Amino acid sequence: MTGVAPAPVVSAAMVQEAAERITGRARRTPVIDWSVRAEGSRVEVTLKLELLQHVGSFKPRGAFNRILSAPALPELVVAASGGNHGLAVAYAARELGIRAAVYVPVTAPKVKVDGIRGLGAATVLVGNSYADAAEASYERAGEPGALYVHPYDQNEVVAGQGTVGLELDQQAPELTTVLVATGGGGLIGGIAAWFGRRAQVVSVEPHGSPTMYAALAAGAPVDVEVGGLASDALGARRIGVHGFLSAQAANVKAVLVSEAAIVEARRLLWDDLRVAAEPGGATALAALLEGAYRPSPSERVAVVVCGGNADPCDLVVAGTDLRSPQARRPPADGPAPRGVRRAKGELRAS
Ligand SMILES: Cc1ncc(COP(=O)(O)O)c(C=O)c1O
């Protein structure tokens, strides 16, 4: 394209500025150390519990940074979202005393739509996918005094999400590897911008929505088909250019995981830690359980648990079960828990 300036790659300095800008607005979420059994051996991991962020995901970081970077506070913020970004924009608007209009696909989980409404945002249900909702939102964003807050493809949003990486670096300075779920690439782009090549950042996506995986293979963002149980969070059709450029510069690796591994990761977080992650929030952990990413013994690994907005009822597959992992496992010829595939290579993490 001629006449279009290339997007600036988000830098660690931009992430640092974002951290200062959103101090007091976003929570500094805790980390915990955990030992998880993956493929028959124990892996020590640091979990960044970002699902404890306001409104249940990392998204307020980017929303606040985008809004507070504007030359003057807008009168109205406009967003399109499958859920978590909408919650974040509605929350940020409420905290800053401004109006929000959030365009949400009709397929978005009820728990997220109810939350957006409850925060006082004008909520417009439209279309079957994020792309449909986004299309409908652009017109509103042209109103005088309105500011558009993209869920992932604005450098202020990417830099804001990168503050997850900055905090993690301060909380666990010896890390060598950070596993992050990817949808449109805002979160991983920001974390990669912070760490650069000081740590290996690994993108984890379901086979059903491989935006980063496909883009790294093609050398540029490309459209992919999206679907699956984490698609309300990870179902962007194409990785954003800002996140992609930052991930590429940091030499991010990309791996894919099965739906069964995501179900297992959620179950394990709940059974072992009473951490209630949503599917997108448990996706990064699934890479360890399934062996999609196999750290060497010398690696110090962190996993970002990035969201918790799901109906908690689907966490408990067969009732709350505090027995040992052995006792809990179904007999080899018995029925597998709902959503867990019993097949060759069945997951054995617990
Ligand atoms: C819980 C959760 N995890 C991960 C992502 C992916 O983030 P990004 O689109 O910045 O890659 C999202 C996006 O909505 C999300 O809600």
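# A helix tour, from α3 to the ligand

Start by selecting α3 and α4, which run roughly parallel to each other because the angle between them, about 15°, falls under the 35 degrees that bounds this class, and so they count as roughly parallel. Keep in mind as you go that this is a predicted model.

**Stop 1: α3 with α4.** Select residues 110–118 to highlight helix α4, and 84–96 for α3. The two axes are 9 Å apart, and α3 passes α4 in a left-handed crossing. To see the contact itself, show N84, G86, L87 and A90 on the α3 side, with K112, G115 and I116 on the α4 side. Coloured by class, this contact gives three nonpolar, three polar and one charged residues.

**Stop 2: α3 with α2.** Keep α3 on screen and add helix α2, residues 59–69. Here the axes come within 8 Å and cross at roughly 50°, so α2 and α3 are oblique to each other. The crossing of α2 past α3 is right-handed. From α2, pick K59, P60, A63, F64 and I67; their partners in α3 are N84, H85, L87, A88, V89, Y91, A92 and L96. By class, the α2 contact with α3 comprises ten nonpolar, two polar and one charged residues.

**Stop 3: α8 with α11.** Now hide those helices and select α8, residues 186–195, together with helix α11, residues 241–249. Their axes come within 8 Å, crossing at roughly 40°, and α8 passes α11 in a left-handed crossing. Show G186, I188, G189, A192 and A193 from α8, and H242, G243, S246 and A247 from α11, to see where the two helices meet. The class split for this contact is four nonpolar and five polar, with no charged residues.

**Stop 4: the ligand.** Bring everything back and centre on the ligand. How many residues surround the ligand? There are 22 of them, and the closest are N84, G183, G186, A233 and G307. Four elements give two or more residues each to this shell: α3, α8, α10 (231–234) and α13 (279–290). Which element gives the largest share? That is α8, with three residues. You have already met two of the closest residues: N84 on α3, in its contact with α4, and G186 on α8, in its contact with α11. Colouring the shell by class shows nine nonpolar, twelve polar and one charged residues.

**Last view: the domains.** Colour domain 1 (12–57 + 156–328) and domain 2 (59–154) separately. Why does the ligand lie between the two domains? Both domains give residues to the shell around the ligand, so the ligand sits between them.

Notes. Residues numbered from 1 in each chain as written. Predicted model: local features only at pLDDT ≥ 70, side-chain atom pairs only at ≥ 80, totals over all residues. Near = placed C-beta within 6 Å. Nonpolar A, V, L, I, M, F, W, Y, C, P; charged D, E, K, R; others polar. Domains from an automatic or database assignment. Axes fitted to C-alpha atoms, helices over the stretch in contact; angles between N-to-C directions. Parallel < 35°, antiparallel > 145°, perpendicular 65-115°, else oblique. Left-handed = near helix turned anticlockwise from the far one by under 90°. Contact = placed C-beta atoms within 7 Å.
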